[in-house]
Amino acid sequence: MAVVGHWDTITQAEKLTQSNLVAGLVEENVKRGGLLEFLPVAQTTGQSVTWNRESTGPTAADFDIGATLAWQASSKVDQQDTTLKRSYVATVLDNFVEEVYGSINNYRAIQLMENKKSLLQKIEDDIIYGDLTYSTGNMQYDGIHALAAASTTNFASESLNIDEGEGALSLRNMRILEDRMYGGVDLWVFPKEIATRVDAYVQESGLSTSTFGSLSFTLNDVGRRISTWNGTPILRSDYLVAESANTGTGSSSDARAKNSSGTNMYSIFAVKFGNVYAGDSGLTYAFGNTSAAGEFWKTVFFEELEDQDASGLRLVHYGAMLDGATYALGRIFDITDVAITA
(Lines give C-alpha, C1' and ligand atoms only; values in the text may rest on other atoms or scores of the structure.)
Protein backbone atom coordinates (compact mmCIF):
# COMPACT_ATOMS: atom_id res chain seq x y z
CA MET A 1 0.00 0.00 0.00
CA ALA A 2 1.44 3.35 -1.09
CA VAL A 3 1.86 5.91 1.67
CA VAL A 4 1.24 9.57 0.76
CA GLY A 5 2.90 11.60 3.54
CA HIS A 6 0.54 11.55 6.55
CA TRP A 7 -2.15 9.65 4.55
CA ASP A 8 -2.01 5.99 3.76
CA THR A 9 -3.42 6.41 0.19
CA ILE A 10 -3.97 9.18 -2.34
CA THR A 11 -7.71 8.48 -2.04
CA GLN A 12 -7.64 9.43 1.65
CA ALA A 13 -5.67 12.59 0.90
CA GLU A 14 -8.20 13.65 -1.79
CA LYS A 15 -11.03 13.56 0.76
CA LEU A 16 -9.63 16.71 2.38
CA THR A 17 -9.48 18.84 -0.76
CA GLN A 18 -11.87 20.00 -3.47
CA SER A 19 -11.83 21.01 -7.11
CA ASN A 20 -10.91 24.58 -8.04
CA LEU A 21 -14.26 25.88 -9.27
CA VAL A 22 -14.10 28.41 -12.11
CA ALA A 23 -16.72 31.13 -11.65
CA GLY A 24 -19.49 31.64 -14.21
CA LEU A 25 -20.71 29.45 -17.09
CA VAL A 26 -19.04 28.44 -20.33
CA GLU A 27 -21.58 28.97 -23.12
CA GLU A 28 -22.70 25.75 -24.80
CA ASN A 29 -26.20 26.48 -26.16
CA VAL A 30 -25.17 28.60 -29.15
CA LYS A 31 -27.34 29.59 -32.11
CA ARG A 32 -25.94 31.71 -34.93
CA GLY A 33 -27.55 33.73 -37.66
CA GLY A 34 -30.42 35.46 -35.89
CA LEU A 35 -32.26 38.26 -37.69
CA LEU A 36 -32.67 40.68 -34.78
CA GLU A 37 -29.25 42.25 -35.35
CA PHE A 38 -30.30 43.20 -38.91
CA LEU A 39 -33.98 44.09 -38.50
CA PRO A 40 -34.93 47.72 -37.91
CA VAL A 41 -36.77 47.85 -34.59
CA ALA A 42 -39.44 50.32 -33.55
CA GLN A 43 -40.98 50.81 -30.12
CA THR A 44 -44.72 51.22 -30.20
CA THR A 45 -47.60 51.95 -27.86
CA GLY A 46 -50.86 50.04 -27.69
CA GLN A 47 -51.60 46.44 -28.58
CA SER A 48 -51.28 46.61 -32.38
CA VAL A 49 -49.69 48.46 -35.28
CA THR A 50 -51.64 49.65 -38.34
CA TRP A 51 -50.18 50.92 -41.61
CA ASN A 52 -51.42 51.51 -45.15
CA ARG A 53 -50.06 49.97 -48.33
CA GLU A 54 -50.62 51.63 -51.68
CA SER A 55 -53.31 49.73 -53.59
CA THR A 56 -54.78 51.44 -56.66
CA GLY A 57 -54.22 54.99 -57.87
CA PRO A 58 -55.34 57.34 -60.62
CA THR A 59 -54.66 56.44 -64.27
CA ALA A 60 -52.96 58.96 -66.56
CA ALA A 61 -54.28 59.24 -70.15
CA ASP A 62 -53.67 61.04 -73.44
CA PHE A 63 -55.95 63.84 -74.63
CA ASP A 64 -56.34 66.02 -77.72
CA ILE A 65 -56.69 69.77 -78.13
CA GLY A 66 -60.11 70.93 -77.03
CA ALA A 67 -60.97 67.61 -75.40
CA THR A 68 -63.03 67.45 -72.22
CA LEU A 69 -60.92 66.14 -69.33
CA ALA A 70 -62.33 63.57 -66.91
CA TRP A 71 -61.81 63.84 -63.18
CA GLN A 72 -60.92 60.72 -61.24
CA ALA A 73 -61.51 59.57 -57.67
CA SER A 74 -60.01 56.08 -57.77
CA SER A 75 -57.24 55.86 -55.18
CA LYS A 76 -57.46 53.04 -52.62
CA VAL A 77 -55.21 51.80 -49.86
CA ASP A 78 -54.69 48.31 -48.44
CA GLN A 79 -54.69 48.65 -44.65
CA GLN A 80 -52.54 46.23 -42.64
CA ASP A 81 -52.83 45.55 -38.92
CA THR A 82 -50.55 43.44 -36.73
CA THR A 83 -51.17 42.68 -33.07
CA LEU A 84 -48.25 42.46 -30.67
CA LYS A 85 -47.91 39.03 -29.08
CA ARG A 86 -46.39 38.15 -25.70
CA SER A 87 -43.62 35.76 -24.73
CA TYR A 88 -41.96 35.33 -21.35
CA VAL A 89 -39.60 33.37 -19.16
CA ALA A 90 -39.93 33.14 -15.36
CA THR A 91 -37.62 31.26 -13.01
CA VAL A 92 -37.28 30.75 -9.24
CA LEU A 93 -34.08 31.26 -7.25
CA ASP A 94 -34.12 29.48 -3.90
CA ASN A 95 -32.75 31.66 -1.10
CA PHE A 96 -30.73 28.74 0.30
CA VAL A 97 -28.84 28.43 -3.00
CA GLU A 98 -28.27 32.18 -3.19
CA GLU A 99 -27.09 32.60 0.41
CA VAL A 100 -25.14 29.39 1.03
CA TYR A 101 -23.63 28.65 -2.39
CA GLY A 102 -23.24 32.22 -3.63
CA SER A 103 -19.67 32.81 -2.43
CA ILE A 104 -18.02 32.31 -5.84
CA ASN A 105 -20.87 32.63 -8.36
CA ASN A 106 -23.46 35.37 -8.43
CA TYR A 107 -26.44 33.09 -8.93
CA ARG A 108 -28.84 35.95 -9.58
CA ALA A 109 -26.62 37.30 -12.37
CA ILE A 110 -26.41 33.83 -13.93
CA GLN A 111 -30.18 33.49 -13.66
CA LEU A 112 -30.69 36.80 -15.49
CA MET A 113 -28.15 35.90 -18.19
CA GLU A 114 -29.77 32.53 -18.92
CA ASN A 115 -33.31 33.97 -18.91
CA LYS A 116 -32.32 36.70 -21.37
CA LYS A 117 -30.73 34.15 -23.67
CA SER A 118 -33.80 31.89 -23.50
CA LEU A 119 -36.15 34.75 -24.38
CA LEU A 120 -33.96 36.00 -27.23
CA GLN A 121 -33.84 32.53 -28.76
CA LYS A 122 -37.64 32.30 -28.47
CA ILE A 123 -38.01 35.66 -30.26
CA GLU A 124 -35.58 34.63 -33.02
CA ASP A 125 -37.50 31.37 -33.54
CA ASP A 126 -40.82 33.24 -33.73
CA ILE A 127 -39.39 35.69 -36.28
CA ILE A 128 -39.07 32.68 -38.61
CA TYR A 129 -41.67 30.12 -37.51
CA GLY A 130 -44.28 32.18 -35.65
CA ASP A 131 -47.80 31.73 -37.02
CA LEU A 132 -50.85 33.68 -35.87
CA THR A 133 -53.41 31.46 -37.60
CA TYR A 134 -52.13 28.03 -36.63
CA SER A 135 -50.39 28.57 -33.30
CA THR A 136 -52.11 27.19 -30.20
CA GLY A 137 -54.58 29.81 -29.04
CA ASN A 138 -53.34 32.20 -31.77
CA MET A 139 -50.67 33.40 -29.33
CA GLN A 140 -47.91 34.00 -31.90
CA TYR A 141 -47.45 36.73 -34.51
CA ASP A 142 -46.72 35.79 -38.12
CA GLY A 143 -43.04 35.10 -38.75
CA ILE A 144 -41.42 35.25 -42.17
CA HIS A 145 -42.68 31.78 -43.18
CA ALA A 146 -46.30 32.76 -42.52
CA LEU A 147 -45.83 36.20 -44.09
CA ALA A 148 -44.32 34.66 -47.22
CA ALA A 149 -47.18 32.16 -47.46
CA ALA A 150 -49.77 34.95 -47.10
CA SER A 151 -48.17 37.47 -49.51
CA THR A 152 -47.55 35.03 -52.35
CA THR A 153 -47.30 37.71 -55.06
CA ASN A 154 -46.08 41.27 -55.40
CA PHE A 155 -48.13 44.18 -56.75
CA ALA A 156 -47.28 43.03 -60.30
CA SER A 157 -48.84 39.59 -59.56
CA GLU A 158 -45.43 37.91 -59.78
CA SER A 159 -44.82 35.00 -57.43
CA LEU A 160 -42.61 35.62 -54.39
CA ASN A 161 -43.33 32.17 -52.96
CA ILE A 162 -41.52 29.62 -55.12
CA ASP A 163 -41.92 25.87 -54.61
CA GLU A 164 -38.69 24.04 -55.45
CA GLY A 165 -40.71 20.84 -55.72
CA GLU A 166 -38.61 18.78 -53.31
CA GLY A 167 -35.57 19.19 -55.50
CA ALA A 168 -32.19 20.91 -55.57
CA LEU A 169 -31.97 24.68 -55.10
CA SER A 170 -32.08 26.30 -58.52
CA LEU A 171 -29.98 29.42 -59.07
CA ARG A 172 -32.49 30.38 -61.75
CA ASN A 173 -35.21 30.54 -59.09
CA MET A 174 -32.97 32.73 -56.94
CA ARG A 175 -32.48 35.06 -59.90
CA ILE A 176 -36.22 35.15 -60.60
CA LEU A 177 -37.04 35.88 -56.97
CA GLU A 178 -34.40 38.60 -56.76
CA ASP A 179 -35.84 40.28 -59.86
CA ARG A 180 -39.33 40.28 -58.36
CA MET A 181 -38.18 41.98 -55.14
CA TYR A 182 -38.80 45.50 -56.42
CA GLY A 183 -37.19 47.16 -53.41
CA GLY A 184 -34.08 45.03 -53.76
CA VAL A 185 -32.65 42.32 -51.49
CA ASP A 186 -30.58 43.26 -48.43
CA LEU A 187 -29.94 39.73 -47.19
CA TRP A 188 -30.42 36.11 -48.17
CA VAL A 189 -31.21 33.83 -45.21
CA PHE A 190 -30.16 30.19 -45.60
CA PRO A 191 -30.15 27.13 -43.36
CA LYS A 192 -26.58 25.98 -42.86
CA GLU A 193 -27.18 22.78 -44.87
CA ILE A 194 -28.01 24.69 -48.06
CA ALA A 195 -25.39 27.37 -47.34
CA THR A 196 -22.82 24.57 -47.22
CA ARG A 197 -23.96 23.47 -50.69
CA VAL A 198 -23.32 27.03 -51.92
CA ASP A 199 -19.85 26.96 -50.37
CA ALA A 200 -19.11 23.63 -52.03
CA TYR A 201 -20.05 25.03 -55.42
CA VAL A 202 -17.86 28.11 -55.03
CA GLN A 203 -14.87 26.34 -53.52
CA GLU A 204 -14.88 22.81 -54.92
CA SER A 205 -17.45 21.31 -57.21
CA GLY A 206 -18.71 24.05 -59.52
CA LEU A 207 -21.42 23.66 -62.13
CA SER A 208 -21.32 22.65 -65.78
CA THR A 209 -22.20 26.22 -66.74
CA SER A 210 -20.45 29.38 -65.55
CA THR A 211 -22.29 31.82 -63.28
CA PHE A 212 -19.75 34.60 -63.90
CA GLY A 213 -19.14 35.35 -60.26
CA SER A 214 -22.79 35.64 -59.19
CA LEU A 215 -21.90 33.25 -56.36
CA SER A 216 -18.76 34.36 -54.58
CA PHE A 217 -17.25 35.36 -51.24
CA THR A 218 -16.83 38.65 -49.43
CA LEU A 219 -15.59 39.63 -45.97
CA ASN A 220 -17.89 40.54 -43.12
CA ASP A 221 -17.23 43.32 -40.59
CA VAL A 222 -14.84 41.14 -38.59
CA GLY A 223 -12.87 39.94 -41.61
CA ARG A 224 -14.42 36.50 -42.02
CA ARG A 225 -15.47 35.16 -45.39
CA ILE A 226 -19.18 34.87 -46.17
CA SER A 227 -20.92 33.70 -49.33
CA THR A 228 -22.79 36.17 -51.55
CA TRP A 229 -25.26 36.01 -54.41
CA ASN A 230 -24.96 38.91 -56.87
CA GLY A 231 -23.15 40.86 -54.16
CA THR A 232 -25.83 40.29 -51.50
CA PRO A 233 -24.64 38.47 -48.33
CA ILE A 234 -25.97 35.03 -47.44
CA LEU A 235 -26.70 34.67 -43.73
CA ARG A 236 -26.32 31.15 -42.34
CA SER A 237 -29.01 30.77 -39.69
CA ASP A 238 -29.22 28.02 -37.08
CA TYR A 239 -32.84 29.12 -36.57
CA LEU A 240 -33.78 27.87 -40.06
CA VAL A 241 -33.99 24.10 -39.63
CA ALA A 242 -35.12 20.98 -41.49
CA GLU A 243 -38.82 21.16 -42.38
CA SER A 244 -41.63 18.91 -43.56
CA ALA A 245 -42.53 18.96 -47.24
CA ASN A 246 -45.68 20.74 -48.43
CA THR A 247 -46.48 22.39 -45.09
CA GLY A 248 -47.22 26.07 -44.65
CA THR A 249 -47.31 26.64 -48.40
CA GLY A 250 -50.11 29.16 -48.49
CA SER A 251 -52.50 26.61 -49.97
CA SER A 252 -52.26 24.10 -47.11
CA SER A 253 -54.15 24.44 -43.84
CA ASP A 254 -51.18 24.36 -41.51
CA ALA A 255 -48.06 26.20 -40.44
CA ARG A 256 -44.61 25.45 -41.82
CA ALA A 257 -43.56 22.45 -39.75
CA LYS A 258 -40.16 21.67 -38.34
CA ASN A 259 -39.42 18.16 -39.50
CA SER A 260 -39.53 15.30 -36.98
CA SER A 261 -39.70 12.44 -39.49
CA GLY A 262 -39.49 11.83 -43.21
CA THR A 263 -37.26 13.55 -45.74
CA ASN A 264 -35.75 16.84 -44.62
CA MET A 265 -36.80 19.88 -46.64
CA TYR A 266 -35.34 23.38 -46.38
CA SER A 267 -36.33 26.96 -47.18
CA ILE A 268 -34.40 30.11 -48.05
CA PHE A 269 -35.54 33.75 -47.85
CA ALA A 270 -34.80 36.97 -49.69
CA VAL A 271 -35.28 39.87 -47.26
CA LYS A 272 -35.56 43.64 -47.63
CA PHE A 273 -35.21 45.66 -44.41
CA GLY A 274 -36.90 48.98 -43.77
CA ASN A 275 -38.59 51.02 -41.07
CA VAL A 276 -42.34 50.82 -41.66
CA TYR A 277 -42.80 53.76 -39.27
CA ALA A 278 -40.82 55.88 -41.73
CA GLY A 279 -42.87 54.67 -44.71
CA ASP A 280 -40.24 52.16 -45.87
CA SER A 281 -41.26 49.05 -47.76
CA GLY A 282 -39.12 46.55 -45.85
CA LEU A 283 -39.40 44.37 -42.76
CA THR A 284 -39.51 45.90 -39.27
CA TYR A 285 -39.67 44.35 -35.81
CA ALA A 286 -42.06 46.21 -33.51
CA PHE A 287 -41.94 45.91 -29.72
CA GLY A 288 -43.72 47.69 -26.90
CA ASN A 289 -45.49 47.70 -23.54
CA THR A 290 -42.33 48.39 -21.58
CA SER A 291 -41.81 50.99 -18.88
CA ALA A 292 -38.94 52.88 -20.50
CA ALA A 293 -37.88 54.01 -23.96
CA GLY A 294 -35.70 51.42 -25.68
CA GLU A 295 -36.50 48.69 -23.16
CA PHE A 296 -36.90 45.50 -25.22
CA TRP A 297 -38.69 43.57 -22.48
CA LYS A 298 -40.05 44.09 -18.99
CA THR A 299 -37.84 42.78 -16.20
CA VAL A 300 -39.81 42.04 -13.03
CA PHE A 301 -38.04 40.90 -9.85
CA PHE A 302 -40.02 39.30 -7.01
CA GLU A 303 -38.12 39.64 -3.74
CA GLU A 304 -40.14 36.96 -1.95
CA LEU A 305 -42.46 34.42 -3.58
CA GLU A 306 -45.54 33.52 -1.61
CA ASP A 307 -45.28 30.15 0.17
CA GLN A 308 -41.65 29.73 -0.93
CA ASP A 309 -38.29 30.65 0.54
CA ALA A 310 -37.26 32.01 -2.84
CA SER A 311 -37.14 35.02 -5.12
CA GLY A 312 -38.39 35.14 -8.68
CA LEU A 313 -37.30 36.73 -11.96
CA ARG A 314 -39.65 37.23 -14.91
CA LEU A 315 -38.95 38.72 -18.34
CA VAL A 316 -41.94 39.63 -20.53
CA HIS A 317 -41.70 40.69 -24.19
CA TYR A 318 -44.34 42.11 -26.56
CA GLY A 319 -43.43 41.99 -30.26
CA ALA A 320 -44.49 41.43 -33.86
CA MET A 321 -43.12 41.43 -37.41
CA LEU A 322 -44.26 44.16 -39.81
CA ASP A 323 -43.88 43.68 -43.58
CA GLY A 324 -44.18 47.11 -45.14
CA ALA A 325 -44.85 45.98 -48.72
CA THR A 326 -45.57 42.65 -50.36
CA TYR A 327 -42.19 42.71 -52.10
CA ALA A 328 -40.23 43.01 -48.84
CA LEU A 329 -40.00 39.23 -48.51
CA GLY A 330 -39.59 36.26 -50.83
CA ARG A 331 -39.25 32.53 -50.19
CA ILE A 332 -38.09 29.37 -51.96
CA PHE A 333 -39.24 26.26 -50.09
CA ASP A 334 -39.13 22.46 -50.27
CA ILE A 335 -35.43 22.34 -51.15
CA THR A 336 -33.51 19.08 -50.68
CA ASP A 337 -29.97 18.87 -49.33
CA VAL A 338 -28.25 18.05 -52.61
CA ALA A 339 -25.89 19.93 -54.93
CA ILE A 340 -27.36 23.17 -56.26
CA THR A 341 -28.20 23.49 -59.95
CA ALA A 342 -28.12 26.29 -62.49
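**Notebook: looking around a predicted model**

I began with Thr44, which I found in strand 1. I keep in mind throughout that this is a predicted model, so each entry below describes what was computed from that model.

**Entry on Thr44**

I looked up how far Thr44 is open to the outside, and at 10% relative accessibility Thr44 counts as buried, because the cut-off for buried is under 20%. I then asked myself which residues Thr44 touches, not counting residues up to four places away in sequence. I noted Val49, Leu84, Tyr277, Phe287, Gly288 and Asn289 as the residues that Thr44 touches under that condition. With one of these, Tyr277, Thr44 also shares a polar contact, which joins the two side chains at 2.9 Å.

**Entry on the whole chain**

I stepped back to the chain, in which I found six helices and 14 strands. For the overall form I looked up the radius of gyration, which is 27 Å, whereas a compact globule of 342 residues would have one near 20 Å. The C-alpha trace spans about 115 × 55 × 40 Å along its principal axes. I also noted that buried residues make up 41% of the 342 residues. Turning to contacts between residues at least 6 apart in sequence, I found that 70% of them join residues at least 24 apart.

**Entry on helix 3**

I chose helix 3, residues 107-129, for a check of length. Its 23 residues, taken at 1.5 Å a residue, should span 33 Å, and since the end C-alpha atoms are 33 Å apart, the two values agree. I then looked for the buried residues of helix 3, and I list among them Ile110, Leu119, Ile123, Asp126, Ile127 and Tyr129. What covers the buried residues of this helix? I found that the cover includes strand 4 (85-94), helix 4 (144-150), strand 9 (232-237), strand 11 and strand 13 (310-323).

I gave Asp126 a closer look, as a residue of helix 3. Asp126 is buried, with a relative accessible area of 7%. When residues up to four places away in sequence are not counted, Asp126 touches Gln140, Tyr141 and Gly143.

**Entry on aromatic rings**

I next looked up the aromatic pairs, and the structure holds eight of them. One of these is the pair of Phe38 and Phe273, which is stacked, with 6.4 Å from centre to centre and 10 degrees between the planes. Phe38 lies in the loop between helix 1 (10-14) and strand 1 (41-44), while Phe273 lies in the loop between strand 10 (266-271) and strand 11 (283-288), so this pair ties together parts that are 235 residues apart in sequence. Is each ring residue of this pair buried, exposed or partly exposed? I found that Phe38, at 32% relative accessibility, counts as partly exposed, whereas Phe273 is buried, with a relative accessible area of 15%.

I then turned to the rings of Tyr285 and Phe296, which have their centres 6.0 Å apart and their planes at 45 degrees, so I recorded this pair as tilted. The pair links distant parts of the chain, since Tyr285 is in strand 11 and Phe296 in the loop between strand 11 and strand 12 (298-302), eleven residues apart. Tyr285 is buried, with a relative accessible area of 0%, and Phe296 is buried as well, with a relative accessible area of 19%. I also noted that ring pairs link Tyr141, Tyr285, Phe287, Phe296 and Trp297 into a cluster. Two residues of this cluster had come up in my earlier entries, for Phe287 touches Thr44 and Tyr141 touches Asp126.

My last note on rings concerns Phe333, where I found Arg331 lying over the face of the ring, at 4.6 Å from the ring centre.

**Entry on positive phi values**

Finally I looked up backbone angles, and I wrote down Asp307, which has a positive phi of about 65 degrees although it is not a glycine. I placed Asp307 in the loop between strand 12 and strand 13, and at 74% relative accessibility Asp307 counts as exposed. I noted Asp334 too, whose phi is near 55 degrees, a positive value in a residue other than glycine. Asp334 lies in strand 14, residues 329-335, and at 0% relative accessibility Asp334 counts as buried.

Note on methods. Residues numbered from 1 in each chain as written. Predicted model: local features only at pLDDT ≥ 70, side-chain atom pairs only at ≥ 80, totals over all residues. Heavy atoms only, no water. Phe/Tyr/Trp six-rings, centres within 6.5 Å; stacked < 30°, edge-to-face > 60°. Helix = DSSP H or I, 4+ residues; strand = E, 2+ residues; numbered from the N terminus. Buried < 20%, exposed > 50% of the residue type's maximum accessible area, 1.4 Å probe, protein only. Lys NZ or Arg CZ within 6 Å of the ring centre and 35° of its normal. Expected span 1.5 Å × (residues − 1). Contact = heavy atoms within 4.5 Å. Polar contact = N/O pair within 3.5 Å; in protein donor to acceptor, adjacent residues only side chain to side chain. Rg over C-alpha atoms; globule rule 2.2 N^0.38 Å.
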